[in-house]
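Open the model in your viewer and keep the sequence panel beside it. This tour tells you what to select at each stop and what to look for.

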Amino acid sequence: MLSIVYAILFYLATAIMVVGVGMKIRKYARAPAPLKIPTTPAPTTQFGVILRMAREVVFFESLFKSNKWIWIFSWTFHMGMWLVLIRHLRYFTEPVWGWVVFAQPFGTYAGFAMLGGLLGLWARRFLVERIRYISNPSDHLMLALLVAIVGSGLMMRFVVGADIIMVKAYMLGLMRFQIETLPADPVLLLHLGLVASLMIIFPISKLMHAPGLFFSPSRNQIDNPREKRHLAPWAAKLEE
Amino acid sequence: MADGDDIRKMAHPLEIPRLACGAMADLEPFRAKPEHQEPLGFPGELVENWKEKALEKMADIASKNRAFQVYLETCVKCGACTDKCHYFLGTGDPKNMPVARQDLLRSVYQRYFTFAGKYFPKLVGARDLTEDVLNEWYSYYHQCSECRRCSVFCPYGIDTAEITMAARDIMAHIGIGQKYSNEIIGKVHKIGNNLGLNPKALRATLEDLEEDIEDETGISVRIPVDEKGADILLITPSADFFAEPHIDGLLGYAKVFHEAGVSWTVSSYASEAANFGLFIGSYEQMRDISIRIRDAAKDLGVKRIIFGECGHAWRVGYSFLNTLAGPFDFLDQNYPVPQHILDFTWQEMQKGTLNIDKSRNDHIRLTYHDSCNVARASRITDEPGSQFEIPRNVIKAVCNNFFDMDRETTHESTLCCGGGGGLLTDDLMELRRKGASPRMTAVQQVTEDHGVTHMAAICAICKTQFSKIMPEFGYEMDSILSVHQLVSNAIILTGQEIDDEAGEGE
């Protein structure tokens, strides 16, 4: 019964996330950027823009310039998250890819980096007057959700343990539309339930910052307005 | 007006204030009257179904402008921008923090256009559009100078200027416009420039200036108007025709053109570089004003367009002119369209056309204010960063004593003068003074460290703002200079006789 409920939950969550994010991306992609508004100095070539974006995505360049505390907490959190996500690929692949095996020890401890980053970011929402002012309940809830996911994960890895053989069989089963037995382990169920909720709220929440960054005209535009005429379709109609 | 006692004393230009909730809530600029609104095609007063109309306009902007959607939907409230706005630093009002300013509109957008805001408004801070909200918009969206400093520091590049422009556009469409900007745009449509200077008056003014140059140098230097067949059309802010220190900049351009031996002209039809359509966030207004430049260039049969010293005008010129009024395939493609006057002057300097005596600026110990729109929304030559280098190159070529301010307040991190974005009006004087205090604190630092006496800028708004504001911080009114004023001081015209009194310090 539990296995079926969680199977439905995960199919649903995956569908909502994929379709929801896809729809949002389509919406952003379809809306034209009527004017050239890159924040300068900006790259003058497409390759330059790719490098600028890469620096933003990998190093959080602008945030680094802005505020070292926010940068260290959020960079630690996000990079920790990538390692943890990579590590989790072992539950969805058989045989496990070599590079995932290689990342395993790093991914294990990256959970602490995630947690540390999250707690630092959360503390700022209480301790820094300006950030307290701009925080909404949803901002706290999002942090609570992430902390709970990371916390329950770390619990299983370092304290209570979990039957990861069974979990893996269950996940591999889901990927082939077969429902295996999910261990009725409360910490595991909590962990998975929270992950599914995160996936569900992804497209309707500020988590959209991840795909959104790639559509930010002040970062993704080439600085060449004099060389190449930029004209939105709706603006072209004004010329008729 | 007040004597400046209420200006916060800052230990450092970027010192973060304690929050002072509501400190600036009562400040708003005069609202446009029907006679300012209607010529621009906006309703004269608040329309009956204003709420529906406002939401309609919001949806319209969202469909036409990707930045609006992405910026409203992707902010994570990380707080990186919270200490980046000069108006926040100067006032302490939390609604002047960039993210909080965006939230004034974001909260309404969420309420009507997003799932979370429709069904869980309390959770995400979404709220209904009410008259109070509208008044709050009017107040705080006229406390943003659209300078883009926040967008430099945002991890997603969220540009509050885009949100401010959208908010002003929405308000104008339901009948709430700003008098200052809309009245000025009306004058451009009717007469051709912000000041309402008609062709006859313009010609007379420029003839006077020609005489001034001749009196000063003994050389006849022309400032031609509407000269058909000239090579270069100079588009410059109309303040250059009769405000100080702007005029001295214009004399500088004239001397440089004269020495370079090029033929040039200003146009009485497009006698304005400024484009306040940008400030009110109206693509259509911005386009109409830009097309005047294209028409003038065609009419006069020029080969090139050069822009004078003006910050936002250069943003529109550099970044938008090709979009709004292009293509400019009828001009000489060997030159950028448009070209910046500093690009022209620097090239002439490198060619050695100009005879410069730097010592004529020795009475000046100078710093340079990077104007926001030039710094964060343009280039001057083909090189990224040339918007910082070229003005400094020219300054160093004509002035021996140059000292940059704190690097965190220059280049792309420059602090706004406090008067940009349509706020250069007396009814916002309190905001202008407070918003200028971070920049002025940085100026005071270089005065203490290096004895700086003057500051140069390449923006008409900056110049006007600082000539009002600098006296409040203990400087002379004429401490703000045009960069081309320094060039004008230092240039020795061909055939000019020089008496040995170095400089001409007034």
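The stops below go from a whole chain to single strands and a helix.

This is a predicted model, in which local features need pLDDT of at least 70, side-chain atom pairs count only at pLDDT 80 or more, and totals for chains, interfaces and linings use all residues. Residues are numbered from 1 along each chain as its sequence is written, while chains are lettered from A and ligands numbered from 1 in the order in which they are written.

**Stop 1: chain A**

Select chain A. It has 12 helices and zero strands. Here helices (H or I, at least four residues) and strands (E, at least two) are DSSP runs, numbered from the N terminus. The C-alpha trace of chain A spans about 65 × 45 × 40 Å along its principal axes. Chain A has 240 residues, and 32% of them count as buried. Buried means that 20 or more other C-beta atoms, placed from the backbone, lie within 10 Å of the residue's own.

Now look at contacts, meaning pairs of residues whose C-beta atoms, placed from the backbone, lie within 7 Å. Among those in chain A between residues at least 6 apart in sequence, 73% join residues at least 24 apart.

**Stop 2: helix α10 of chain B**

Move to chain B and select residues 160-173, which form helix α10. How many of the residues of α10(B) are buried? The count is 14 of the 14, so the helix is largely enclosed by the rest of the structure. Its end C-alpha atoms are 20 Å apart, which agrees with the 20 Å expected at 1.5 Å a residue. That expected span is 1.5 Å times one less than the number of residues. After α10(B) comes G175(B), with a positive phi near 110°.

**Stop 3: strand β1 of chain B**

Select residues 232-235 of chain B, strand β1. I232(B) and L234(B) are buried on one side, L233(B) and I235(B) on the other. Strands pair if DSSP finds at least two bridges between them. Add residues 264-266, strand β2, which runs parallel to β1(B) and is joined to it by three bridges. I232(B) has W264(B) as its bridge partner there. Add residues 304-307 too: this is β3(B), in parallel pairing with β1(B) over four bridges. In β3(B), R304(B) stands opposite I232(B).

**Stop 4: an open sheet in chain B**

Finish with the three strands in the order β5-β6-β7, an open sheet with parallel pairing. Its edge strands are β5 (366-368) and β7 (480-482), each pairing on one side only. Select β6, residues 454-457, which pairs with β5(B) over three bridges. T367(B) has M455(B) as its bridge partner in β6(B).

Key. A residue is buried if 20 or more other C-beta atoms lie within 10 Å of its own, exposed if 12 or fewer, and partly exposed in between; C-beta atoms are placed from the backbone. Two residues are in contact if their C-beta atoms, placed from the backbone, lie within 7 Å.
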